[in-house]
Amino acid sequence: MEGLEGTLAELRDTFQSGRTRSVAWRKSQLRGMIEFVQDNEERIFQALDQDVGKHPVEAYRDEVGVVAKSAKLSLSCVEKWMAPRKGDLPLVFFPASAQVMPEPFGVVLIMGSWNFPISLTLDPLIAAISAGNAVVLKPSELSPTCSSFLAENIPKYLDPKSIKVIEGGIDVCEQLLQQKWDKIFFTGSQRVGRIVMTAAAQHLTPVTLELGGKSPAIMDSSSNPTNMKVIAKRIVGAKWGSCSGQACIAIDYLLVEERFASDLIDLLAKTIKQFYGENPRESKSYCKIVNKNNFKRLLDLLTDPLVEASVAYGGSVDEEKMYIEPTILLNPPLDSQIMTEEIFGPLLPIITLDDIYESINFISSRPKPLAIYAFTRDEKFKKQILSRTSSGSVTFNDTLLQFLCDSLPFGGVGQSGFGRYHGKYSFDTFSHEKAILQRGFFPELEPRYPPWNSFKLHFIKLAYAFNYIGLILLLLGLKK
Amino acid sequence: MKVPINKQAQYFARQSHQKQKKKTRSLLFFVYFNNTIQHTIDAPYYRSFQERFSKALSLYRSIGEMSTEEENQTVFDVAAASMLTKELRDVFASGKTRSYEWRISQLKSMIKMCEEHEEDIADALHQDLSKPKLESIVYEITMLKNSCALAIKELKRWMMPEKAKTSLLTFPSSAEIVSEPLGAVLIISAWNYPFLLSLDPLVGAISAGNTMVLKPSELSPATSTLLAKLLPEYLDVSSIKVVEGAVSETSALLEQKWDKIFYTGNGRVGRIVMAAAAKHLTPVVLELGGKSPVVVDSGIDLQIATRRIIIGKWGCNNGQACISPDYIITTKDYADKLVDSLKKELETFYGENPLESKDISRIVSSNHFSRLTKLLDDDKVSGKIVYGGERDEANLKIAPTILLDVPRDSLIMKEEIFGPLLPILIVSKIEDSWDVINSGTKPLAAYLFTNNKKLKEQFVMSVSAGGVTINDIAMHLAIHTLPFGGVGESGTGSYHGIFSFDAFSHKKAVLYRSFMGDAALRYPPYTLGKIRLMKALMTSNLWTILRALLGLS
């Protein structure tokens with residue numbers, strides 16, 4: 001594909017010219033980004049409605065707002081982030097100065113995902129711009145309206161010499177991955193994540209993989225008797241309220257003590273009705289399933305006979321509208337697909353335990369999730385969750401909000417990915433931290449040089465131990 | 001006769017080959033017995049017996065063959081590697097390695113090991129590389145001890161959760177970042193600093209509370225054996241394992257799922273390691289090398305610069321170091337002065353016959369020896385040698401060699417030299433060096449000698465490298481407040497000091513919320529008023545929030 005190589009050559013030239021490194025360029029691009037989302041808010045809402053049926057409020061909360069917030073933060077902090085950091089130096093190195101200076105990687109590739117086709121594509125772009133890179137943006141082909149919208153409009157607002165949007169399906173991805181990049185930032189599934197990293201290995205390209213996983217929510221009812229309503233809202237919000245469960249940090253399954261299960265289901269059902277009305281199919285606040293493949297995948301999870309028998313609420317589907325009702329399942333078999341694969345859709349299995357403390361083993365015996373949510377007031381339990389399970393993040397008594405907290409790194413661990421972004425971490429993800437040591441020529445320590453003898457050995461040993469008194473004694477001939 | 005059977009059968013057979021042997025023996029006897037009475041039974045039955053007999057025979061043979069193999073040495077294959085990782089995972093799950101006390105005790109033992117076996121370590125390094133004792137003590141043992149001492153001193157601070165600010169958006173809440181160990185990690189190290197480059201990453205992995213396998217390089221066998229012997233004596237055997245071996249052992253290890261792989265070595269193997277890691281989505285740190293340039297400007301204290309270059313090049317394992325100067329760039333009028341000074345100082349350091357000097361390492365292996373001589377024998381550099389060039393194949397020694405004004409398309413300028421050869425490139429003005437450097441792949445280190453402040457600034461801004469040292473060589477490596485690691489072809493990830501701890505930790509984001517302040521605007525059914533308020537909240541502008549709440553905007 002000649003066009004692609006030409007595009008890359010152009011980006012390399014731009015980067016070499018130093019254009020993208022200046023503070024002025026970075027700031028103008030970030031301003032361009034803010035302008036882009038402000039000018040196109042309505043059109044973004046429309047595109048999102050078309051691709052996944054997102055309501056404008058949800059679209060603002062999870063996409064437009066996230067991008068605007070992130071661009072504004074970067075705009076106000078980028079100069080501070082760019083400044084070299086001083087490193088402390090021991091006296092033996094005197095006179096010298098040490099610094100860590102962030103520098104852009106070069107030409108980077110960002111591969112977005114379809115569930116949040118605006119924010120998960122543009123948020124990494126903001127990061128790459130802040131760090132001063134030239135960028136190729138590849139929006140997901142599974143959200144075609146957003147993809148073509150970005151391809152058409154981004155060049156109007158951002159420097160087309162340094163930022164390119166390339167659209168396309170699997171074949172285009174493959175061609176992109178064959179090129180040499182200085183960094184690849186991928187958001188998506190584990191399967192594709194493996195392909196991306198394998199391709200990156202050919203060029204020793206560092207990657208950030210933002211994947212998913214089965215993120216559990218732990219419901220410790222006994223320590224929380226009074227806040228059930230709020231909890232139910234937060235659970236429903238995190239399962240069905242964010243792209244109908246098609247979100248990497250959505251709750252995948254819920255752990256609760258057996259004795260509280262039926263009350264919880266009643267309460268969740270009530271909340272679902274309160275949010276989406278008697279017939280969620282008609283609700284404007286509820287997203288559709290992105291495409292036929294995913295619809296079928298979810299249907300397969302649901303129609304496993306043993307799973308189907310466990311449906312406690314909902315379960316109806318409408319293929320024409322790509323609609324799956326908010327569905328709660330009580331204790332589906334643990335070896336069924338719904339409990340071994342990431343669900344990524346509006347099905348919520350509830351697994352009951354005798355004692356809520358068992359949830360720790362339940363979670364830690366499975367692959368590391370992107371997020372863990374725990375509703376509890378039991379401080380001992382909180383500590384145990386923190387120290388005995390591993391996940392990208394842990395949120396106590398709420399859901400999804402960790403995504404909006406700029407001071408927290410966002411990213412996975414183990415099967416849920418690696419690398420992190422948001423806030424300053426975004427900038428770091430697209431920067432190389434160059435170590436710089438500056439020395440003068442005087443004074444010069446003679447014992448650094450051969451021919452070696454025991455005096456020199458002694459001297460260096462003391463210098464390494466920063467034993468200055470010993471050094472003076474040695475030099476004065478008072479120490480052997 | 002070698003009987004081909006699949007891996008699983010091999011594993012199964014070895015696991016219980018004694019039991020199997022007995023079983024097979026009785027089976028053979030049974031078949032034999034039946035054979036003797038073959039005339040009494042009909043043909044199809046007989047055929048099935050024959051089949052069973054030949055199967056049993058081949059299994060018996062393969063077991064026999066394996067057990068003789070096993071008597072010679074234990075085979076470390078995929079099955080053994082998988083048992084090993086399982087064991088490590090169990091230990092990790094027990095939580096033992098997470099405690100502060102465990103980490104400190106391991107670090108302290110490591111220092112004790114260095115102190116009690118300084119001689120043994122220096123001997124092993126001498127055996128592997130003829131490394132001068134001072135170099136071994138300074139660059140390997142003392143560096144490691146310092147690294148341990150720093151970790152012991154700072155560990156409490158490193159382990160402490162870091163408070164994170166929260167915004168109005170998540171009010172009321174509190175947030176922190178918790179460093180947690182990754183689990184079971186694999187460290188594959190290199191032969192040039194086989195002691196330091198094995199154990200320094202280990203310090204990071206221990207500080208962060210992981211279980212680990214160390215695979216020392218097979219090209220430095222004495223150090224590898226010593227590590228395999230010493231580590232179990234000093235460190236917790238249940239969580240810190242050493243696997244010795246070459247390609248097949250490494251491949252077996254790489255097939256396993258690790259929570260992190262830390263590899264020090266070359267780009268070719270780096271690619272293999274990363275591709276293997278991709279299968280399990282394992283993050284990697286790759287500490288590779290590259291052609292690290294030294295730019296020498298005029299008007300400097302030439303003697304000091306020269307001595308620093310020499311000590312950084314030949315005084316660090318005879319150029320076999322990832323951060324050693326690969327080539328020099330200087331201007332035409334300064335080149336001769338530089339060469340003269342290099343010659344003079346080299347003689348003071350290593351005498352008239354450097355091949356005899358005890359203060360210089362040898363080439364690690366005959367493969368590397370022939371690789372290096374090939375670089376020297378390249379037609380394109382014939383007549384360019386201005387100093388050195390002597391070699392002693394029997395003792396794997398090559399003298400410090402300087403080549404002046406080599407063409408940029410010569411072999412020596414195409415690959416990382418990793419040996420005692422130092423080519424000098426000539427540019428018409430010193431600023432041209434930036435382009436020379438940037439036209440190649442990004443090196444691990446870049447050096448500049450100058451008194452010109454503007455040049456320094458230009459160099460730092462325009463040359464991309466893992467680390468940069470001005471007016472010295474390799475010293476940035478010794479400063480624990482600086483991250484050490486490459487960029488581009490010279491690697492990914494960094495370590496040293498707190499960066500080592502971070503390399504082996506996962507930074508878990510933790511958000512604490514209460515049940516107060518639950519805003520209805522977060523939840524459906526969605527309305528336009530909710531959009532307005534949300535916009536205001538996300539800008540964290542109190543005034544706009546107020547206006548939105550009052551319905552004014």
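Biologist: What covers the buried residues of α7(A)?

Modeller: This is a predicted model. In chain A, helix α7 spans residues 170-178, and A:Cys173, A:Leu176 and A:Leu177 are buried there. The cover over these buried residues includes three elements of chain A: β3 (107-111), β4 (134-138) and α8 (190-201).

Biologist: Why do the buried residues of α7(A) line one face of the helix?

Modeller: Take the view down the axis of α7(A). Its buried residues line one face because they fall within an arc of 95 degrees.

Biologist: Which exposed residues does the face of α7(A) turned away from its buried side carry?

Modeller: Start from the buried side, which holds A:Cys173, A:Leu176 and A:Leu177. Now turn to the face pointing away from that side. The exposed residues there are A:Asp171 and A:Gln178.

Biologist: Is A:Gly314 buried or exposed?

Modeller: A:Gly314 sits in a loop of chain A, between β10 (311-313) and β11 (317-318). The cut-off for a buried residue is 20 or more other C-beta atoms within 10 Å. A:Gly314 has 20 C-beta neighbours inside 10 Å, so the residue counts as buried.

Biologist: Which residues is A:Gly314 in contact with, leaving aside its neighbours within four places in sequence?

Modeller: Set aside the residues within four places of A:Gly314. The contacts are then A:Glu325, A:Pro326, A:Thr327 and A:Ile328.

Biologist: How many residues of domain 2 of chain A are in contact with domain 1 of chain A?

Modeller: In chain A, the assignment gives domain 1 as 2-211 + 421-433 and domain 2 as 216-411. Their centres, taken over C-alpha atoms, are 31 Å apart. On the domain 1 side, 15 residues take part; on the domain 2 side, the number is 16.

Biologist: By class, what residues does the side of domain 1 of chain A that touches domain 2 have?

Modeller: Sort that side of domain 1 by residue class. The result is 7 nonpolar, 5 polar and 3 charged residues.

Biologist: Which residues have the most contacts inside the largest nonpolar core?

Modeller: The largest nonpolar core has 297 residues. One of those with the most contacts inside it is B:Val273, which touches B:Ile188, B:Leu254, B:Ile261, B:Tyr263, B:Val284 and B:Leu286 beyond four places in sequence. The full list is A:Val108, A:Leu254, B:Val185 and B:Val273.

Biologist: Where in chain B is the pLDDT below 50?

Modeller: Chain B averages a pLDDT of 86, and 83% of the residues score at least 70. One stretch below 50 has 36 contacts beyond near neighbours in sequence, and another has 21. These stretches are residues 1-46 and residues 60-72.

Methods:
Residues numbered from 1 in each chain as written. Chains lettered and ligands numbered in written order. Predicted model: local features only at pLDDT ≥ 70, side-chain atom pairs only at ≥ 80, totals over all residues. Core = buried A, V, L, I, M, F, W, Y, C linked by C-beta atoms within 7 Å. Buried ≥ 20, exposed ≤ 12 C-beta atoms within 10 Å, placed from the backbone. Contact = placed C-beta atoms within 7 Å. Helix = DSSP H or I, 4+ residues; strand = E, 2+ residues; numbered from the N terminus. Arc of directions from axis to C-beta. pLDDT = per-residue confidence, 0-100. Domains from an automatic or database assignment. Nonpolar A, V, L, I, M, F, W, Y, C, P; charged D, E, K, R; others polar.
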